[in-house]
Amino acid sequence: MTLFLCALVVLIWGSTWIALKLQLGAVPVEISIAYRFGLAALLLFAWMAVSRQWRVPRGPAVPRVLGQGLCLFSLNFVCFMHASETLASGLAAVVFSSASLWNALLARLIYGRRLAPNVMAGGALGLAGLAVLFWPELRQGGGHASWQGLLWALGGTLCFSGGNMLSASLQQLGWRPLQTNAWGMLAGTLLLGGYALLAGLPWNFDASWRYGGALLYLAIPGSVIGFTAYLTLVGRLGPEKAAYATVLFPIVALNISALAEGYRWTALGLAGLLLVMAGNVLVFRPPRWLAPASLQKT
C-alpha cells in the first residue's frame, strides 16, 4: 500500500505543475487557489458525510488545522503560482523536491531531532544540484527561470514543509488526513477569500476549457487524491521519509515542461537534476559509512 501511495503522489504531483501554469492569466492567483480548494473541500466534506467520518476540530486541533490551511492550502500555492510566472513548471517542481531537506531542518527546530551526517550531506548535494541546474538559465535569461521565481518557489517549499509538520502532529492526535484536509482546505479558502476582499481583487472566472480543465485537475486528482495520499504517507512514515516521494516527480514535471513549454534539457541541467535526486536519496538511504550510529547497529 505504501508503494502504491508513493507512485500515486509521483504521477499526480508530477503533472500538476503544468496545470498551475495553465491557470495564470485573467483570474488573480489568490482567487484561482480559492476556487481550487473550495471545490476540493466540498468534495471531501461530501465524502466524510457519506462515509460517516464527519468530525469537527476541537481543542489543540483547531490552531493546527488553521495553520495547515495557511501553509499547505494557501501560502504554499500562492508562492508557487507566482513562481510559475517566471519559472518553467518543471524547474519549480525540482525546487519543490528539496522539501526533504526542509522537513529535516524543521523537525530539528520543532522536535529537536538530531541532524544526521547523511541529512547534512544530502542537503548540501541537493543545494549544489539546484545551483548547477539554475545557474545557466539565470545567467542566460532564456525565459525559463528568474531569481524572483526561484525565491517564490523556495518560499512555497518552506510553507509546504511547515504544513507537513502540522499534519504529522494532527495524525498523532488521532486525526485522519481526509478530515484535516477538508477543514484545512476550507480554512485556506476562507483566508484567501478574506485577503481577496481586503485587497479588492476581482472575483472573475475564466470559462475557457484550458482554465476549467486545469481547475478540475488541480482540485480532484491534485488536491483530493494527491494530498490525501501524501499526508497518509506522512502519518505512516513521518514527514522526513514521506518527502522521499518528491524525489521522482521532477522527472515527470520536466518532461512535461519540455513538451508544453519548450524547456530544453542540457548537460548541466541533467547533472543538476541528478545531484538534487542523489541528495534526496542520500537523506533517506545513507551509505553505511555515513549512516547514523543507531542505524549502523541494526
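This is a short tour of one predicted model, moving from its confidence scores to a pair of packed helices.

Start by colouring the chain by pLDDT. The average over the chain is 84, and 90% of the residues score at least 70. Next, select residues 293–296, which form helix α13; among the elements of the chain, α13 has the lowest mean pLDDT, 47. The highest mean, 95, belongs to helix α2, residues 29–50. Widen the first selection to residues 293–298: the pLDDT is below 50 over this stretch, which has four contacts in the model beyond near neighbours in sequence. Where pLDDT is low, the predicted coordinates should not be read in detail.

Now show α2 together with helix α8, residues 177–199. How do α2 and α8 run relative to each other? They pack at an angle of about 150 degrees, and an angle over 145 counts as roughly antiparallel, so that is how α2 and α8 are described. Their axes are 8 Å apart, and the crossing is left-handed.

To see the contact itself, display side chains on both helices. From α2, select residues including I31, F37, L44, W47 and M48. From α8, add among others L178, Q179, W183, L186 and Y195. The residues of this contact divide into 18 nonpolar, four polar and one charged.

Finish at Q179 in α8. Is Q179 buried or exposed? Its relative accessibility is 6%, and the limit for buried is under 20%, so Q179 counts as buried. Leaving out residues up to four places away in sequence, Q179 touches M48, Q53 and R55. Of these, M48 is also part of the α2 side of the contact with α8.

Conventions:
Residues are numbered from 1 along each chain as its sequence is written. This is a predicted model: local features need pLDDT of at least 70, side-chain atom pairs count only at pLDDT 80 or more; totals for chains, interfaces and linings use all residues. Side-chain values use heavy atoms; hydrogens and water are left out. pLDDT is the predictor's confidence in each residue, from 0 to 100. Helices (H or I, at least four residues) and strands (E, at least two) are DSSP runs, numbered from the N terminus. Contact means heavy atoms within 4.5 Å. Buried means under 20% relative accessible area, exposed over 50%, partly exposed in between (1.4 Å probe, protein chains only). Axes are lines fitted to C-alpha atoms, for helices over the stretch in contact, and angles run from 0 to 180 degrees between N-to-C directions. Angles under 35 degrees count as roughly parallel, over 145 as roughly antiparallel, 65 to 115 as roughly perpendicular and the rest as oblique. A crossing is left-handed if the near helix is turned anticlockwise from the far one by less than a right angle, and right-handed if clockwise. Ala, Val, Leu, Ile, Met, Phe, Trp, Tyr, Cys and Pro count as nonpolar, Asp, Glu, Lys and Arg as charged, and the others, Gly among them, as polar.
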